[in-house]
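Student: I'd like to go through this one with you and ask why each label is used. Can you put it up first?

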Amino acid sequence: MAELAADSAAIEGLYQELRELFERELADARDPEHLKKLRDRWLGRKNGLLSFTNDHWLKPASREWKPLVGKLQNSLKSAVEKAIQEAEAARAQPVRSEPAVDVTLPGPPRIIGARHPIRIVQEDIESIFGSMGYSIAEGPEIESDYYNFEALNFPENHPARDAMDTIFLTDHALLRTHTSPNQVRIMERQPPPLRYLVPGKVYRNDAPDASHSPMFHQVEGFAVDENITFCDLKGTLEHFLKQFFGSNIRTRFRPSFFPFTEPSAEVDISCHVCGGAGCRVCKQSGFIEVLGCGMIDPAVYRYVGYDPERYSGFAFGMGLDRIAMLKYGINDIQLFFQGDVRFLRQFR
Amino acid sequence: MRIVLSWLAEYIDVKESPRDLAQALTMAGIAVESVSEELGETIFERDITANRPDAMNHLGVARELAAIFGRQIRKPEIHLREDARPAAACASIAIAAPDLCPRYVGRVAVDVKVGPSPDWMRQRLELCGVRSINNVADITNYVLLEAGHPTHAFDLDTLEGAKIIVRRAEAGERLITLDGVERALLPEHLVIADARRPVALAGIMGGAETEISGRTRNVLIESAWFEPASIRKTARHFGMHTEASHRFERGADIEATTWAAARIAALLQQLASATVLKGAIDAYPAPRQRSAILLRAAAVMRYLGIEIAAVEIESILCSLGFRVERLDGAWQVTPPPARLDVEREIDVIEEIARIYGYERFPARLPAWAGRAEITDDSRKQRQMRDVARALGYDETISLSFLSRSEAAQFGAWEPVAVRNPLSELQSVMRNSAVPGLLRAVEWNLNRGQTDVRLFEIGRLYRQEGSEFAELPVMGLVATGRARPASLNDPGKLYDFFEMKADVAKLLDLFGWKNLYFDRETGAGYYHPGRSARAVADGYAAGRFGELSPEVAAERKLRQPVWLAEICLDRLFRLPLREPRFRPLPRVPAVDRDFSLLLPEGTRFEDIVAAVGAREHLVRLEPVEIFRGGQAPPGKMSLLLRAVWQRDDASLTDEEVNQYAREILDALRKLGAEQRA
């Protein structure tokens, strides 16, 4: 027993020596770098001192010594772990007292390019009509007299053509003055029922100024089916306008004239600036014109071979540039086509 | 056109305020643009659609108000005391072109005292924007503004043979019109002639030689009806647009001719002490009958979507002056002669809807059994836009026009010319996306914006025989910094590889099998050493690079500009790349760096080709390239990284060493040596 006791004292001594060694080294480890070394030296998984004692002292110990060695090993290990942790925490303290970053300084710029305002408006319109079952299509910008005028019931030498000062390329080819030719092009290809939306560029021989450009954008929409009525036209456009401009706007349909629709209407919305009281933007009328529409004239069906006694439909068209100008308060149409980044970046 | 409220009130009782009146007219399709006060009078400024010439006068507007409010109009009364001498004895009228002039009514007034008009008439004319000339001319203009029928007054004594012949002009004939311009006439032009020569351009403008003057004593009043298309063609030929042509080309009222002539005669009697000869000379070889229109109640319902009571339909139509005869479930409807725009059932339905009031129709959403489609091309375009924006490019839109010199410098084909261009800068349709982008860069640089990245998706135009092609194209332009300066970071300038990376990212949207880059841009406006072409599956998908310094200097661009052009018609034949899931590797990849000396001019593509496809090799990437310094002349130094990845197990050191040796062996064939 004495021997055993002596041996136990020897074993405890060994662990005591280790503990003292650790405490000296801990006292010397003043900065995080030394602490990390200390941690590796003592607690390293493969080559750490405590792994060594675990493998070479504890594992080979005989059964009667194992509980004692195990107890000493564990107590030293937890003491070392605790001490290093505390030391790390203590050394870490000064970091918190470093001056805080100036959170009001800007981060580096993150650049996502801007959608063109005309495109924003176009895509918004497409998604509203898309959810009502409208397909999106495109058509040629270089058109024939037939599609741009004749099949839309603009007879030759008719003053209705005056409203659209046309840019000609040859005797037979012109730049489309509106997106409406696509009504005819699509109806020619396809029987009813149809719902289409056709955005695109259009051209008129207008000298550029704040509200005119020889090139601008329109979107044409139309629906043809059995039993489509003037009430459906009103409902569809009212729904669209409230979705687009906000549910608090009021709409107004007033009779107008387009050769390819009858009855025709122009649609106004209550002025978004003054709310309808009358201001400069709405020329004191309280209303702003946003689109033209109507029931497709039966004369158009003749050109595409539809039976006007069976089918009816409506069509509408609006200027995307104009809508974008209204929506964002843009005062000069030329801004759309200059590529001025100071303008475009406002839409990022 | 302008409407004077007090004048209008002569023909109808007006109880509403001017603003309410304007509103009621607007909501019935007679748009009133503005209401103003002038010389103590209320003026309506109107914008009249081409289909309503009948409403381009005070009486016409009164008729509309009568329909809207259910009131009666008062037509001006004509108090005419005719002389016993018949007019037909003093003048004759012959229509030689009844296809272009179906009716010509003449009246003769003698002993006319030409002088100024009374103040009330002058003021009304001026309020309507018509200059006062003398009482005779003023009376014809007054009646035009009053009732809408254009007329003309000739000095009868200047008409050779006191004859009116309505005929086509003869080749070589000339006429000096009232505006002092001598006009060369063609056989398709309709003229009013006397026995010897043309004296007026029919329906457009009178002639100077037969004009009313201070010496005029006897007057022939013309009140005729001309074929609209012919008037329009002739007016456009001469670049003329008059109050008369404006109305005739839209369609006047053939039955108003006799009334207008009598009204003018009465006013000449009243205001110019004229003696009016007996009767009108009415040349009307084939009187026109307006045929009745069948209006079906079912059609009204089918177009308008609501049932409107039969009595309401009848009352609307009657108030507009239609003759209405009720049948079983339908009506026979005859429009008033002034309403040339009403010819078909749908035209009558529009009249009903308009006066019934658009605001009274309920809003409904139609049922729908069709399907909505988005085209592949629009999906592709949208994705390209999204990627370009993510890459930091702002979207721009340039005009589709170029100047001839721009088209010649940047386009690959003869551009489509504009026949009536607004200016030289817009004289052809664009055959390249580049000039528009360069104009935008110039615009920005001139305004102190030096970091610019723009993209545009649009079309180029090309004539192919008698057809035209519109080719979709994407253009990009970049100048200045790719990464903007920020705190402690000067940023990074745009360079070739920035543009290459942007183009590659855009092309990556598509499912090509093979993509390579070479230097064959085929366009002289690129810097020859800093430009490339991208070839996807054998087709040139695009080209990009630095704008050549010569072109930049010509355009006074003070900093390098980078361009890219992507042909979307080619690219869009490829499908969008569909993501495809692969199981995630369970072990990390292993990499090795090779420090190599290579002969100058070795291309990265040669290195990739020399290494070739190898088992578990997933990537070869250049880490660093430098020349000079430790690299001897004729050599370049490349730090190359190879990355291996095995999906099912870790690679051992021995395996990786073996792979690395094999790669080095392969590169030695290019003359590569490993640096110490």
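**Where the chains meet**

Tutor: Here 69 residues of chain A are in contact with 74 residues of chain B. Keep in mind that this is a predicted model, where local features need pLDDT of at least 70, side-chain atom pairs count only at pLDDT 80 or more, and totals for chains, interfaces and linings use all residues. Residues are numbered from 1 along each chain as its sequence is written, with chains lettered from A and ligands numbered from 1 in the order in which they are written.

Student: What makes two residues "in contact"?

Tutor: Their C-beta atoms, placed from the backbone, lie within 7 Å.

Student: Which element supplies the largest share of chain A's side?

Tutor: That's α8(A), with eight residues. Names like that come from DSSP runs numbered from the N terminus: helices are H or I of at least four residues, strands E of at least two. By class, chain A's side has 38 nonpolar, 15 polar and 16 charged residues. Ala, Val, Leu, Ile, Met, Phe, Trp, Tyr, Cys and Pro count as nonpolar, Asp, Glu, Lys and Arg as charged, and the others, Gly among them, as polar.

Student: Now chain B. Why is α4(B) called oblique to α5(B)?

Tutor: The axes of α4 (residues 119-127) and α5 (residues 135-147) of chain B come within 10 Å and cross at roughly 55 degrees. Under 35 degrees counts as roughly parallel, over 145 as roughly antiparallel, 65 to 115 as roughly perpendicular, and the rest as oblique. So α4(B) is oblique to α5(B). Those axes are lines fitted to C-alpha atoms, for helices over the stretch in contact, with angles running from 0 to 180 degrees between N-to-C directions.

Student: Which residues meet there?

Tutor: B:M121, B:R124 and B:L125 from α4(B) meet B:D138, B:N141 and B:Y142 from α5(B). That contact splits into three nonpolar, one polar and two charged residues.

Student: How do you know that β8(B) and β11(B) pair?

Tutor: Pairing takes at least two bridges found by DSSP. Strands β8 (residues 163-168) and β11 (residues 190-193) of chain B have four bridges and run antiparallel, so they pass that cut-off. One bridge partner in β11(B) is B:L190, opposite B:R168.

Student: And what makes β5(B) and β13(B) edge strands?

Tutor: The open sheet has five strands in the order β5-β8-β11-β12-β13 (chain B), with mixed pairing. β5 (92-95) and β13 (205-206) of chain B each have a single partner strand, so one side of each is left without a neighbour in the sheet.
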